Amino acid sequence: QVQLVESGGGLVQAGKSLRLSCKVYGGTSSSHNMAWFRLAPGKEREFVAVISFSGITYYADSVNGRFTISREDAVYLQMNSLKPEDTAVYYCAATPYWHGTYYSPDEYIYWGQGTQVTVSS
């Protein structure tokens, strides 16, 4: 059974940076498409970024140019130039295959417990 464990969240001022980590247990990130989603109060779960098992990356328009997803010993989300609207619980997700909609939460089988990111103005 694959388990995902996120870390790295916290409280930062607008304009600062954070790096989130997602470690995979019971499997390897390189054999899965790995994504980050976020959930803000009163909103639906939102796609943030994904890295495929082959290394292809996609980003939401709202974070493109500010966030970078990467994979080494874990999957990372480097978040720069943070804005108050980035405040949310960030979730790591994984799936060994897509049906074509990488941005849909329904595509992902495994989920972490989430890590809170709060950006103050």
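In this predicted model, Arg-19 lies over the face of Tyr-76, at 4.0 Å from the ring centre. A second arginine, Arg-45, is placed over the face of Tyr-91, with 4.4 Å to the ring centre. Beyond these two contacts, the side-chain picture includes 1 disulfide, 8 aromatic pairs found in a search of the whole structure, and 3 salt bridges.

**Disulfide**

- The disulfide is formed by Cys-22 and Cys-92, whose sulfur atoms are 2.0 Å apart, and it links distant parts of the chain, since Cys-22 belongs to strand 3 (residues 18-25) and Cys-92 to strand 9 (residues 88-95), 70 residues apart.
- The torsion about the S-S bond of Cys-22 and Cys-92 is about -80°, and the disulfide is therefore left-handed.
- Both cysteines of this bond, Cys-22 and Cys-92, are buried.

**Aromatic pairs and cluster**

- Among the 8 aromatic pairs is the one between Phe-37 and Trp-111, which is tilted, with 5.2 Å from centre to centre and 50° between the planes.
- Phe-37 lies in strand 4 (residues 33-39) and Trp-111 in strand 10 (residues 110-111), so this pair ties together parts that are 74 residues apart in sequence.
- The two partners are placed in contrasting surroundings: Phe-37 is buried, with a relative accessible area of 0%, whereas Trp-111, at 26% relative accessibility, counts as partly exposed.
- The ring centres of Phe-47 and Tyr-102 are 5.4 Å apart and their planes stand at 70°, so that pair is edge-to-face.
- Because Phe-47 lies in strand 5 (residues 46-51) and Tyr-102 in the loop between strand 9 and strand 10, the pair ties together parts that are 55 residues apart in sequence.
- Here Phe-47 counts as buried at 11% relative accessibility, while Tyr-102 is partly exposed, with a relative accessible area of 21%.
- Both of these pairs fall within one aromatic cluster, formed by Phe-37, Phe-47, Tyr-58, Trp-98, Tyr-102, Tyr-103, Tyr-108 and Trp-111.

**Salt bridges**

- Side chains of opposite charge can pair when their charged atoms come close.
- Glu-46 forms a salt bridge with Arg-38, in which the closest N and O atoms are 2.8 Å apart; Glu-46 is partly exposed, with a relative accessible area of 32%, whereas Arg-38 is buried, with a relative accessible area of 6%.
- Arg-38 also forms a salt bridge with Asp-86, the closest N and O atoms being 2.9 Å apart, and this pair links distant parts of the chain, with Arg-38 in strand 4 and Asp-86 in the loop between strand 8 (75-79) and strand 9, 48 residues apart.
- Both partners of that bridge, Arg-38 and Asp-86, are buried.
- The side chain of Asp-86 meets that of Arg-66 as well, in a salt bridge with an N to O distance of 2.8 Å.
- Since Arg-66 lies in the loop between strand 6 (57-59) and strand 7 (67-71), and Asp-86 in the loop between strand 8 and strand 9, this pair ties together parts that are 20 residues apart in sequence.
- Arg-66 is buried, with a relative accessible area of 11%, and Asp-86 is buried too, with a relative accessible area of 1%.
- Salt bridges that share partners join Arg-38, Glu-46, Arg-66 and Asp-86 into one network.

How values were computed. Residues are numbered from 1 along each chain as its sequence is written. This is a predicted model: local features need pLDDT of at least 70, side-chain atom pairs count only at pLDDT 80 or more; totals for chains, interfaces and linings use all residues. Side-chain values use heavy atoms; hydrogens and water are left out. A disulfide is a pair of cysteine sulfur atoms within 2.5 Å. Helices (H or I, at least four residues) and strands (E, at least two) are DSSP runs, numbered from the N terminus. Buried means under 20% relative accessible area, exposed over 50%, partly exposed in between (1.4 Å probe, protein chains only). Rings of Phe, Tyr and Trp (its six-membered ring) pair if their centres lie within 6.5 Å; planes under 30 degrees apart count as stacked, over 60 as edge-to-face and the rest as tilted. A charge sits over a ring if NZ of Lys or CZ of Arg is within 6 Å of the ring centre and within 35 degrees of the ring normal. A salt bridge is a side-chain nitrogen of Lys or Arg within 4 Å of a carboxyl oxygen of Asp or Glu.
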